[in-house]
Amino acid sequence: IILGNQPVIFPHVASVQPCLWVSGKHNDLEELGVDTYHHTLFEILGNWSFGDYFKQEAIHWAWELLTEEYKLPTDCLYVTIFAGDTADGLQQDHEAIAIWANYLPKERILPFSKKDNFWEMGEQGPCGPCSEIHIDIRSEAERKAVPAAHLVNRDHPQVIEIWNLDFMQYNRLVSGKLVDLPHKHIDTGMGFERLAMVLQGKTSNYDTDVFTPLIEKLEILSGKNYNQNPTIDVAMRVIVDHVRAVVFSIADGQPPSNTKAGYVIRRILRRAIRYGYSHLEIQQPFMHKLVAVLVEQVAGVYPNLTMQQHYIEQLLSQLDQTKICHGVIDGQVAFELYDTHGFPLDLTLLIAKEQGLTIDEVGFQQALQQQKLRSQKDAATTQGDWQIVQKETHPCFVGYDQCIVTTSIVQWRTIANKRGKGGGQVADVGCMVSNNESIPIVDVQKEHELIVHTIPQLPTHLTGCIEARVDKVQRTLTANNHTATHLLQAALEAVLGDHVNQKGSFVTPTVLRFDFAHPTKLSLAQLHEVEAMVNQKIRENIPCVEQRTVPLDTAKAMGAQALFGEKYSADVRVITFDPNFSIELCGGTHVKTTGQIGFFKLLSETAVGTGIRRIEAITASSAKAFVTNQCTTLAAITTLLKQPKNVIKAVETLVYEINQLQKQVTAYQAKAIQQVADELQCHLEQINDIYLLVQEVQVPHATALRQIVFQYKAHYDKIFIVLAAKLADKAEIAMFVSDVLWQSDTKHAHDWIQSLAPLIGGSGGGQPFFATAGGNTPEGIKEVLKAAKELL
């Protein structure tokens, strides 16, 4: 268990596995009020026994962990047990009571009904009584005033359940009858966030280091402080909780969508965004800026999150790149969000509306129709009729044995679509030579037993002999990669199990790609083992055994594996590299011995669908170039670090120091920004009941202008603010106008900022109440401030 990035030993456990749960109250999750807000994601820690131990051991080890390892005060612990149920004919769980009596007094062992203390997986199946462990974290005075025994299971925020021990001892039949299971099992669930709260001495999950880094980042993004306003507090809690749910779900392969589980994620995302805009007044996309904080928190615990950080940030920040013209998001951009990134139109519409924008829906529909037409065009095969050159010929494929052959054209036609050689291998390339005329062959395909070559133009003379030449270099490189896919599949089966079925492959001269069935991401150790096994088989220099006309049933009896999606005739070609290692049905080209491959290097392992993984790798010269480049890079890093004995340790130290310095810089910047905000009080002017703040300031970054603006906005109902700053060689402007100072039919901040922006050689825009501008002429700041005062 990881608590505050510190490992804690969990004793006597068959297995430990963190599980993420997403829950919702109803379909209108985003409409829940402030007072009824609850978690959308929580993490379960647990241990299981499948017939190895039961109540005695589970209760003893739970008590040992909580009181001896975690040092929880024994006088604050309470447990609940099953009180029995007459309908099911079940008595009170006397066994659990007797065991708990060894650790707790009778008054802290509390019986509860089936509703609270009987676990069932459904209407039928394994079930049984459970025992919950609760802790009282109230003040001493509160504990003396009201015994916690009266507050257990009463939703008191400081008398909480932290662990549930499920005793699976019955099986519920379809009839509803309970029968004893032949073996007794244990299933426990501990709330990670609650445990962290208790161990860190907090009274709220959000005050633990599970959430505080995210809240601190949100304070910076919003310019608002936590623990000062109940509405702001709840908004921040909603956002940091929801971002965890969304980010973990995306990392596990479930992005926001408009169906099923993706719909839940979309609504959670939408709700978090709305809280940011509505309650924190964040007017720019912000969720993606929290991802890095979360990734840093769980680095090493959830490596899948670290690997997908860029993708998740990109997915959450799509509206940052929207093209906005006069408050309208371009329809083509909205379509790209939908088509490329899976962002449904209604979600884009909602977010745009909350930013005071609209979407060109006509343009969206036009882009959608154009995409459909492209898809139809791509799917269609356009080809001419065959033009016969020679009659009564019997063409055959001789490419396995010869790379140069004298032949002739039998027939030709125009054709638009092309396919490669069997087994996921791209076709050979080469040329045909006729009468000193050389024409490139860009593809080869097999169609109805005909070998069809694709060329960009017909030769001048269609009759007579031509010489067909295969590009030997490209073929050799492709063969290296193709054989490597066979070795890779065999290695994956050896390491992961027989469930590893090929789901597709793509082999080129430069890279190989292999898709296979496997439910989870491969660990680093597994990847290393697979790579090492493939290279071991390469070094063994195993000869390729090719059998070309093997009856299909015979090949299957040999253990030959078929390729995904491939159709086979009665007689097949079998490729074997050691009958005890790799036997496959295959129509592609291969090396004569595995040693020719030289070296195999894994590049990546990713998910491409539910239960389907993808590996990309390189061999031969590409692998050598990759390793050489890596060594060169490492040598350069070593030199920059002044030749440390342990390069990894040196880099880790450097990264740590940079992170610490960055935290210091952020803290210094926050203090500097606040100092500027405080000093601006003396520049605040009052005209009747309206306050005016027009000033040039020195700030570390453009975001600081916004932070200062919204600080003043929160304290003055009628205020007009224009702040300008010179940052490097550029000028930045931020403008805020209170709602009461503009009407829907008059000019507002968006219009005014556009009139000021040319003075600094730039452009700007925004919303009616807040707008920004940037330009390359900081000398124009004085003119901006002068013009701004005249606006009011």
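Q: Buried or exposed: which word fits F54 and F167?

A: Both F54 and F167 are buried. Keep in mind that you're looking at a predicted model here.

Q: How many aromatic pairs does the count give?

A: The count comes to 16 aromatic pairs. One of them joins F54 and F167, with 6.0 Å from centre to centre and 65 degrees between the planes. The distance falls within the 6.5 Å limit, so the rings pair, and the angle is over 60 degrees, so the pair is edge-to-face.

Q: What makes this a link between distant parts of the chain?

A: F54 is in the loop between β5 (48-50) and α1 (55-69), while F167 belongs to strand β10 (residues 159-172). The two are 113 residues apart.

Q: Why is the pair of Y691 and Y716 called tilted?

A: Look at the angle: the planes of Y691 and Y716 are at 50 degrees, and the ring centres are 4.7 Å apart. Stacked needs under 30 degrees and edge-to-face needs over 60, so a pair in between goes down as tilted. This pair also links distant parts of the chain, with Y691 in strand β31 (residues 690-696) and Y716 in the loop between α20 (703-715) and β32 (719-727), 25 residues apart.

Q: Why is Y691 called partly exposed?

A: Its relative accessible area is 24%. Buried stops at 20% and exposed starts over 50%, so Y691 lands in between.

Q: And what makes Y716 buried?

A: Y716 has a relative accessible area of 17%. That is under the 20% cut-off, so Y716 counts as buried.

Q: Which residues form one aromatic cluster?

A: F710, F736, F769 and F770 do.

Q: How do you know that the charged end of R108 sits over the ring of Y78?

A: The charged end of R108 is 5.7 Å from the centre of the Y78 ring. The distance limit is 6 Å, and the direction has to be within 35 degrees of the ring normal too. K537 does the same with F581: its charged end sits over that ring, 4.6 Å from the centre.

Q: Why is α7 called roughly perpendicular to α9?

A: Helix α7 (residues 230-251) and helix α9 (residues 291-298) pack at about 75 degrees, and their axes are 11 Å apart. The range for roughly perpendicular is 65 to 115 degrees, so that is the label for α7 and α9. On the α7 side the contact is made by V243, R244, V247 and F248, and on the α9 side by V291, L294 and V298. Sorted by type, the contact residues are six nonpolar, no polar and one charged.

Q: What makes α9 largely enclosed by the rest of the structure?

A: Six of the eight residues of α9 are buried, so the helix is largely enclosed. The buried ones are V291, V293, L294, V295, Q297 and V298. Just after α9 comes G300, with a positive phi of about 90 degrees.

Q: Why is helix α5 called largely enclosed?

A: Helix α5 (residues 192-199) has six buried residues out of eight, so the rest of the structure largely encloses this helix. They are F192, E193, L195, A196, M197 and V198. Just after α5, G201 takes a positive phi of about 70 degrees.

Q: How do you know that K55 counts as buried?

A: K55, which lies in helix α1, has a relative accessibility of 2%. The cut-off is 20%, so K55 counts as buried. Leaving out residues up to four places away in sequence, K55 touches D93, E95, I99, P129, F167, Q169 and I186. I186 is 131 residues from K55 in sequence, yet the C-alpha atoms are 7.7 Å apart.

Q: What makes K71 exposed?

A: K71 has a relative accessible area of 61%. Exposed starts over 50%, so K71 qualifies. K71 is in the loop between α1 and β6 (77-82), and its phi is near 60 degrees, a positive value in a residue other than glycine.

Q: Why does N435 count as exposed?

A: N435 comes in at 55% relative accessibility, and the cut-off is over 50%, so exposed is the word. N435 is found in the loop between β18 (430-434) and β19 (437-441). Though not a glycine, N435 has a positive phi of about 50 degrees.

Terms used:
Residues numbered from 1 in each chain as written. Predicted model: local features only at pLDDT ≥ 70, side-chain atom pairs only at ≥ 80, totals over all residues. Heavy atoms only, no water. Helix = DSSP H or I, 4+ residues; strand = E, 2+ residues; numbered from the N terminus. Buried < 20%, exposed > 50% of the residue type's maximum accessible area, 1.4 Å probe, protein only. Axes fitted to C-alpha atoms, helices over the stretch in contact; angles between N-to-C directions. Parallel < 35°, antiparallel > 145°, perpendicular 65-115°, else oblique. Contact = heavy atoms within 4.5 Å. Nonpolar A, V, L, I, M, F, W, Y, C, P; charged D, E, K, R; others polar.
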